[in-house]
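Ready to poke around a protein model? Work through the exercises below with the structure open beside you.

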Amino acid sequence: MEEGAQVLMPGWGLRRESAKHKDEAAARVRLVHAVRARDAWTCQARDKVPEVHCDGPLDVHEVIPRSAWREGYLVIDNCILVCRAHHNWVGDNPDEAHDRGLHGYSWERPDQTDEHSKEQP
Ligand SMILES: [Zn+2]
């Protein structure tokens, strides 16, 4: 063993991803495939927001965004397939999107396991 030897293999030593991070990345890839299959490669906002015409590639959209629910991007029930045009509309109109079931708030998380969770009225 040459523990002091300098290793200069390209790419090695630059990756600092934790095992957990890799697990999450793999889980996200599986989720994206599952969402595309479940939603049959169609924009799930098309009928809910008919005034916006579908355009652009289909993205996986988190109903409750990652900023409000970190683990939600790995929960399939929180993820839907939407086109870029509708994705942008949701981002620009969160209140209206909420009324149409396309956007959620942190307190609407289905899994409130942290100790700070509150009872809903
Ligand atoms: Zn669309």
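Before we start, one yardstick: a residue is buried if 20 or more other C-beta atoms lie within 10 Å of its own, exposed if 12 or fewer, and partly exposed in between, with C-beta atoms placed from the backbone. Keep in mind that this is a predicted model, where local features need pLDDT of at least 70, side-chain atom pairs count only at pLDDT 80 or more, and totals for chains, interfaces and linings use all residues. Residues are numbered from 1 along each chain as its sequence is written.

**Exercise 1.** Work out whether Ala40 is buried or exposed, and find what is odd about its phi.

*Solution.* Start with the place: Ala40 sits in the loop between α1 (19–38) and β1. (Helices, H or I with at least four residues, and strands, E with at least two, are DSSP runs numbered from the N terminus.) Next, count: Ala40 has 8 C-beta neighbours inside 10 Å, so it is exposed. Now the backbone: most residues other than glycine have a negative phi. Ala40 is not a glycine, yet its phi is positive, at about 55°. Trp41, also no glycine, has a positive phi of about 55° too, and with 9 C-beta neighbours inside 10 Å it counts as exposed.

**Exercise 2.** Describe how strand β2 is enclosed and what it pairs with.

*Solution.* First, β2 covers residues 79–83, and five of its five residues are buried, so the rest of the structure largely encloses it. Then take the faces: Cys79, Leu81 and Cys83 are buried on one side, Ile80 and Val82 on the other. That fits a general pattern: in a regular strand, side chains alternate between the two faces of the sheet. Finally, the partner: β1 (residues 58–62) runs antiparallel to β2, joined by five bridges; two strands pair if DSSP finds at least two bridges between them. Within this pair, Asp59 stands opposite Val82.

**Exercise 3.** Find which side of helix α2 is buried and what covers it.

*Solution.* Begin with the buried residues of α2 (residues 84–92): His86, His87 and Val90. Looking down the axis, they fall within an arc of 105°, so they line one face of the helix; the arc is that of the directions from the helix axis to the C-beta atoms. Turn to the other side, and Gly91 and Asp92 are exposed. Last step: the cover over the buried residues includes β1, β2 and α3 (94–99).

How values were computed. Contact = placed C-beta atoms within 7 Å.
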